[in-house]
Amino acid sequence: MQLTKAASWLTCAMLLVLAGGQGFGQSYPAGRASTLGAMLDQGLEQYETPDLTLRLVRSSGTVAGLEPRNGDGFDFTPAELLAARSTDGYYHLGDLDLRLREVGTSEWHGYSTALERHPVKVLPLGPSAQKSGVLERDDLRPTLPAEFPLKATRSWSVVDGHIVLRFTLRNSGKRGIEIGALGIPLIFDNVMNGKNLDEAHAVCSFSDPSIAMDGGYVQVTRLNGHGPALLVVPDGKTPFEAYNPIAGTHGRMRKAALFEDLTPRSMTFEGFYEWMVASAAYQQNEWKQAEPWNPATSIVLDPGQERTVGVRFLVADSIRDIEKTLADNGRPVAIGFPGYILPQDIEASLFLKYPKRVEKVTVEPAGAIDVKADGTTEHGWQRYALRGKQWGRARLTVTYADGAVETVQYRVMKPEAEAVDDMGRFLFTKQWFDVKDDPFHRSPSVMSYDREVNAIVAQDSRVWIAGLGDEAGSGSWLAAAMKEYGRPEKHQIAQLENFVDGVLWGGLQQKDGPGKYGVRKSLFFYQPDQLPAGYYRKDLDWSSWESWNKEASEDLGRSYNYPHVVAAYWALYRLAREHQGLVTHHDWRWYLTQSYETTMAMTRLGQGLAQFGQMEGDVFVAVLDDLRREGMTTEAATLEAAMRARAEVWQKQAYPFGSEMPWDSTGQEEVYAWTRYFGMNDKAQVTLDAITGYMPTIPSWGYNGSARRYWDFLYGGKYPRIERQLHHYGSGINAIPVLDAYRRDPSDLYLLRIGYGGTMGALSGIDQEGFASAAFHSYPDKMAFDPYTGDYGPNFFGHAWNTGTYVAKDVEFGWLVFGGNLSTKGNVVTVEPRDSFRQRVFLAPLGLWLTLDSGQFERVTFNEATDSVEVELAPGDAYTSIAFLRIEQTAHPNGVSNIAPLEKLAVERGAYVVSLGVASTTVRLGAGVSAGK
């Protein structure tokens, strides 16, 4: 390894110039003394390693830059803000947080190297230290209070070609010291303050944690989804016990405070986090009401004892190479199929890889998951068969022969179809609002719900939540419509139609006048002079912009309100078209026409925001397809022209993912859909890459497939705060393009894993009675689903659009099934779908996408030797006497094409017509042409 060191090469004045980019000047406190800036006058030290270029502030020993060697100048840290973030109270990589107390006492005392900076004392390096790769060693006492009871040193080293950050804490006193919190701040550049989308995608990153003790790691991925990716892993005994958000401020803070970072928090900055080696002091206090990912611990240093902890920095060439990089560096790796959300009727697998053998596997709560060892793969992956038994969270703890401990976080749920049916019952009973004299004309409807008080949210100062508008108010009735689309129940559909005729059409949506088909922002509003005295709740703050008056609530310009309405109409169109007697208020043509007219109204009345991709935007593509199938060619041509105009704008933009928020994970779904539709494949790939940048695969039910979102609790949650949301609706809708891309390239198993993780994440918030939460609070003081239904609806839309059974064969892991159970006998593979709707099956070896517009798959059999497929359909019922089967090959991985039914079947609107009886119906498929297999 060639290691080079550059002397003082950058002055503070130069840094101030570099940090003076647009947008930052007003975001940071002015007039503060630049303590770190003064130290910058002493320059930086630069070190080159095979993977990274490390720059350290000479007098503080903290990181000024961390660039991958093949990253074209990209920096994982907020280096461009070094001067702007140079006062006390700004954290940097290399800082340390501690909460300590003398053994036998009760009060914790907090210390942080970021609170008040003074030059650290650089310690001399002896020959042995230099030989072992130590670059720099610092005594941290000068930058800690005089009463700090330990000796603290920090070192930067290069070990096996990788940068290592270590802290050594020594008790030189006469009494034992308990370390109740030990945090290593991980300061990476997720600061989008003042940046436009192009700038943010060029320089910013997101980090996501695998909070898995000795098997833990943090992955840092670029917003554009390109490599390389940074991995932070334990060095020595440094378990990743918890992931602590470093508190921040939404405004300007004039004084630094302990354990707080001054970087302004907003929709463009989520905040920083720290790797907690010990967290008992927090769990006993701030986090005492929450159930942690891992048991909280503390560290006791008796007089004369010391403890060294640290992290190592690895570089993966790409996001898809993260697990390979971990394994290549001897780190524990866990991969779960089909993921980490376990319906109780699914047979799952967990594969583990580590140089040492597994000593034992335990589950907490005991018996929550049945775990059985099930052999080893050719390349040393140890397989375990899993079956979920007890509803709720479950922690699987793996202990290896060398004492290393790895935890894998699971969530056990009811079978998917049962959970969705529970949700439907809850929506149409507990959330059914039927108040005849409601002054806002919201009755009858499915309304937002508060699980803590078990009541409908009839009033909220964020008026849309109680007004059936926005995502947080439309979410419940949207979820209800999409539930009926896939699992229809006659009496619930009757209620849904009553809502459409009594509230939606002519209420939430205008039915005449120049604004016809326009969708207003909310039915509920705040205008005391139009309501009886004392009507509005006095415990709510009605003074902010969120409390729209009547005029503001009637505004038709928010385009994001339109796709919810289109989805409801479209679901009823499909139910009326594909079934008999389920829908009675209008015929199918009325509902499809309403879908079309509402879509066009969005482009006309909501054009200011319609320039952006919409959540649930895939429904517009479906409307276009159905218009063509129904022969409504004029309407189809008009809609296509309007959508092409939008897509052509996106094609000209580098990152066309804008929204009403500065950065968002909402528009990617529709941008991908239309750019694919119109053959703009380069832009579709840019979109897909960006999604993989914020949608990780991590061995935790909460993070696996969980698309980035951190502000929507402000607008749809009961507990409004900026916070990494787990399985917010970004998971469900972003899974749509990811799984579409997988079907186009079945060799990319990574896409299937994150796409299916997002699809299942949409069900994780359904409780045992059927209440569906907006999202999970990931901060360790909460660790629970929000009590509001909020904006859950788009999440379930994504699930309804995607839910299916996927069958793949991997070179290492063999046959895999997502959304069902699989058995093999010779060359024959039999799959029993267990997903929510049982209307979609993808056979990756053939690139074969089987879908049903009506009916359900009962079983699918695939003969690997002959490429033949046998489909068994469930019996019909009073409303479904015909199944409409669609057959599409999205890829040809083995050269087989033209797969079709072997018997002659009628075709209607592009689908094969299969009559259903009182018993199962079998359809046999075969290949018409073999392309050189």
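This passage walks through some salt bridges and one β-sheet in a predicted model.

Salt bridges come first. The count for the model comes to 66, and a few of them are worth a closer look here. Take arginine 558, which forms a salt bridge with glutamate 471, with 2.7 Å between the closest N and O atoms. Arginine 558 sits in the loop between α11 (550–553) and α12 (562–578), while glutamate 471 belongs to helix α9 (residues 470–486), so this pair ties together parts that are 87 residues apart in sequence. How buried or exposed are the two partners? Arginine 558 is buried, its relative accessible area being 7%, and glutamate 471 is buried too, at 6% relative accessibility. Since buried means under 20%, these two values settle the matter for arginine 558 and for glutamate 471.

Another pair joins aspartate 422 to lysine 414, and here the closest N and O atoms are 2.8 Å apart. Aspartate 422 has 6% relative accessibility and counts as buried. Lysine 414 has 18%, and it also counts as buried, because the cut-off lies at 20%.

Then there is arginine 721, which pairs up with glutamate 723 in a salt bridge whose closest N and O atoms are 2.8 Å apart. On one side of this bridge, arginine 721 counts as partly exposed, with a relative accessibility of 24%. On the other side, glutamate 723 counts as buried, with a value of 0%.

Salt bridges can also be linked up with one another. Which residues form such a network? Asp345, Glu832, Arg834, Arg859 and Glu872 do, being linked by salt bridges.

Now for the sheet. Strands of a sheet pair through backbone hydrogen bonds, and they do so either parallel or antiparallel. In this model, four strands make up an open sheet in the order β22-β28-β27-β24, and the pairing is mixed. The edges are taken by β22 (341–343) and β24 (358–364); each has a single partner strand, so one side of each is left without a neighbour in the sheet. From one strand to the next, the twist averages 30°.

What about the edge strand β22 and its partner? β22 runs parallel to strand β28 (residues 405–413), and three bridges join the two. Within this pairing, isoleucine 341 stands opposite arginine 411 in β28.

Terms used. Residues numbered from 1 in each chain as written. Predicted model: local features only at pLDDT ≥ 70, side-chain atom pairs only at ≥ 80, totals over all residues. Heavy atoms only, no water. Salt bridge = Lys/Arg side-chain N within 4 Å of Asp/Glu carboxyl O. Buried < 20%, exposed > 50% of the residue type's maximum accessible area, 1.4 Å probe, protein only. Pairing = 2+ DSSP bridges. Axes fitted to C-alpha atoms, helices over the stretch in contact; angles between N-to-C directions.
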